[in-house]
Amino acid sequence: MSDQTRFILNETDLPKFWYNINADNPVPPAPVLNPATKEPVTPDFLAVIFPMLLIEQEVSTEAYIPIPDEVYEMYKMYRPTPLIRARRLEKELGTPAHIYFKYEGVSPSGSHKTNTALPQAYYNKVSGTRALTTETGAGQWGSALSMACKFFGLDLEVYMVNVSYHQKPYRRYLMETFGAQVFASPSDRTQAGRAALARDPNTPGTLGMAISEAVEVAATSGGLKKYSLGSVLNHVLLHQTVIGEEALKQMDMAGEYPDVVIGCVGGGSNFAGIAFPFLRENLRSGQRTRLLAVEPCAAPSLTRGVYGYDYGDTARVAPIIKMHTLGHDFVPPAIHAGGLRYHGMSPIISSLYDAGLIEAVAVPQLATFEAALTFARTEGILPAPESSHAIRAAMDEALRARETGEKKVILFNLSGHGHFDLSAYAAYNEGKLEDFESPEEAIRTIPERLPEIPSMQSA
């Protein structure tokens, strides 16, 4: 065991490949379906919104995908990212556990989202795409993609969930500084947006609504624009595995190996990024690391949702995927400031959870912000509210170790900083935030709100 606090890799240690869990996944996700025909999607259908190079990654079963030189050089702006032992937090908690965190907030846009924004912009650029459309909730994804699009000379339209658009204006200002156009969603710019506003003019918006708008704009652009997604899909999770690959090397530098690896989950990208390389070691080498996905009680798709086929968006224009879902019409409460608002979960993560290969827990909002403040006051880093769900779970693991006297090794992904989330912290400090759990009635009726799928596809 090392007595160091920070474990820093050299630039030459930056992984040259992304790891594809589909090569080792004993329970591959179910087929993706066309929302109109409910038959398996074809490459032609997907090519309307994605470049073929990303479609190929989406369905690949190759274990390692080479990182293009152009992307690799841009990764060097901020990668490898540091692994830090949270010694002051350990002391504050009085725990025998060793707590490590991988800090992705050092990226130029402030979060792990840059890891997939750069390759997605690159593959679109070399495929002849002129502009991208996307959605964003808290704004981390929109910030990362706006920067990546500027680097590769692409225009970008961002549909930002309405409540976040107003709660987190500084994220919007950052996107606009990089040259993106940002619209509160639902907007009057699309059929999907106008329909949502007609149903509820005061809607806080959802990621499902914003996805509908972004997909519609891309699909009706005559091929000039493509759609880009910051989580959920296989190729997005693939790009994030640079996090876990680096962390494996850094834990070796620390002379320890994690008993539990923790990440927050909304759609699944940052959890997959740190967890999948460790899952590979479980599957291939017999390691027994627990892999813990942490979600909010306000949007508990894994812990309370239904595992079945559902639309990826509210307007039902995006592909139908088999996932843990709260229903494509799910609307999180406006009072929920912790992010992670998506109604569904990555198909890969859903299948792994269903098979018992990963674990999941939901944590309440107030306890999450309490953990964020404890972390900030001990480690000096203000975490993004999303990342704070992982901090809460890591602290809970450490407190249990204190009770049992177990010398547990805990690793979590700190997926971004919270410098643009100060309004959420202000609301917490002023006592304006509340805990919220999805009502049992809303959970009970999920199956009634899912699309009917032929039995041969729903297995």
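This passage describes the strands, helices, peptide geometry and salt bridges of a predicted model.

An open sheet is formed by seven strands, and their order across the sheet is E1-E4-E5-E15-E10-E11-E14. The pairing within this sheet is mixed. Strand E1 (6–7) and strand E14 (359–363) are the edge strands, each pairing on one side only. Strand E10, covering residues 260–264, pairs with strand E11, covering residues 290–296, in the parallel sense, and five bridges connect the two. Within this pair, Val261 has Leu291 of E11 as its bridge partner.

Two helices that pack on the sheet are considered next. Helix H12 (residues 242–254) touches E1, strand E4 (83–85), strand E5 (98–103) and strand E15 (409–414). The direction of H12 makes about 140° with that of E5. Helix H13 (residues 269–285) also packs on the sheet, where E5, E10, E11 and E15 are touched. The angle between the direction of H13 and that of E10 is about 155°.

Ala275 gives a view of this packing at the level of a single residue. Ala275 is part of helix H13 and is buried, its relative accessible area being 0%. With residues up to four places away in sequence left out, Ala275 touches Val261 and Leu291. These two residues are bridge partners, so the contacts of Ala275 fall on the paired strands E10 and E11. The C-alpha atom of Ala275 is separated by 21 Å from that of Lys407, a residue 132 places away along the chain.A further set of paired strands involves E6, E7 and E8. Strand E6 (residues 131–136) and E7 run in the parallel sense and share six bridges. Thr134 has Val158 of E7 as its bridge partner. Between E6 and E7 the chain passes through helix H6 (residues 140–152), and this β-α-β crossover is right-handed. E7 also pairs with strand E8 (residues 181–185), again in the parallel sense, over five bridges. In this second pairing, Val161 is matched with Ser185 of E8. Strand E7 (residues 155–161) is mostly covered, with six of its seven residues buried.

Helix H16 (residues 365–379) contains 15 residues. From its first C-alpha to its last, H16 reaches 21 Å, close to the 21 Å expected at 1.5 Å a residue. Eleven of the 15 residues of H16 are buried, so the helix is largely enclosed by the rest of the structure. Among these buried residues are Phe369, Leu373 and Phe375, and also Gln365 and Glu379. Just after H16, Gly380 has a positive phi of about 80°.

Several details of the backbone are found in loops. The peptide bond between Arg79 and Pro80 is cis, with omega of about -5°. Pro80 is placed in the loop between helix H3 (69–75) and E4. Another cis peptide bond leads from Ser185 to Pro186, and its omega is near 10°. Pro186 belongs to the loop between E8 and helix H9 (191–199). Positive phi values also occur in residues other than glycine. For Lys38, phi is near 60°. Lys38 is in the loop between strand E2 (17–19) and helix H1 (43–47), and it is partly exposed, with a relative accessible area of 21%. For Arg316, phi is near 65°. The loop that holds Arg316 runs between strand E12 (306–311) and strand E13 (320–325).

Side chains of opposite charge can pair when their charged atoms come close. The whole structure contains 24 salt bridges. One of them joins the side chains of Asp421 and Lys168, at 3.0 Å from N to O. Asp421 lies in the loop between E15 and helix H18 (422–429), and Lys168 in the loop between helix H7 (162–167) and helix H8 (169–177), so this pair ties together parts that are 253 residues apart in sequence. Asp421 and Lys168 are both buried.

A salt bridge also links Arg290 and Glu359, with the closest N and O atoms 3.0 Å apart. Because Arg290 lies in strand E11 and Glu359 in strand E14, the pair ties together parts that are 69 residues apart in sequence. Both ends of this salt bridge are partly exposed: the relative accessible area is 28% for Arg290 and 31% for Glu359.

Within helix H17 (residues 385–404), Asp396 and Arg392 are four residues apart, and are therefore separated by about one helical turn. Their side chains meet in a salt bridge of 2.9 Å from N to O. Asp396 counts as partly exposed at 24% relative accessibility, whereas Arg392 is buried at 8%. Elsewhere, salt bridges that share partners join Arg290, Glu359, Glu397, Arg400 and Lys408 into one network.

Methods:
Residues are numbered from 1 along each chain as its sequence is written. This is a predicted model: local features need pLDDT of at least 70, side-chain atom pairs count only at pLDDT 80 or more; totals for chains, interfaces and linings use all residues. Side-chain values use heavy atoms; hydrogens and water are left out. Two strands pair if DSSP finds at least two bridges between them. Contact means heavy atoms within 4.5 Å. Axes are lines fitted to C-alpha atoms, for helices over the stretch in contact, and angles run from 0 to 180 degrees between N-to-C directions. Buried means under 20% relative accessible area, exposed over 50%, partly exposed in between (1.4 Å probe, protein chains only). A crossover is right-handed if, with the strands pointing away from the viewer, the path from the first strand over the helix to the second runs clockwise. The expected span of a helix is 1.5 Å times one less than its number of residues. A salt bridge is a side-chain nitrogen of Lys or Arg within 4 Å of a carboxyl oxygen of Asp or Glu.
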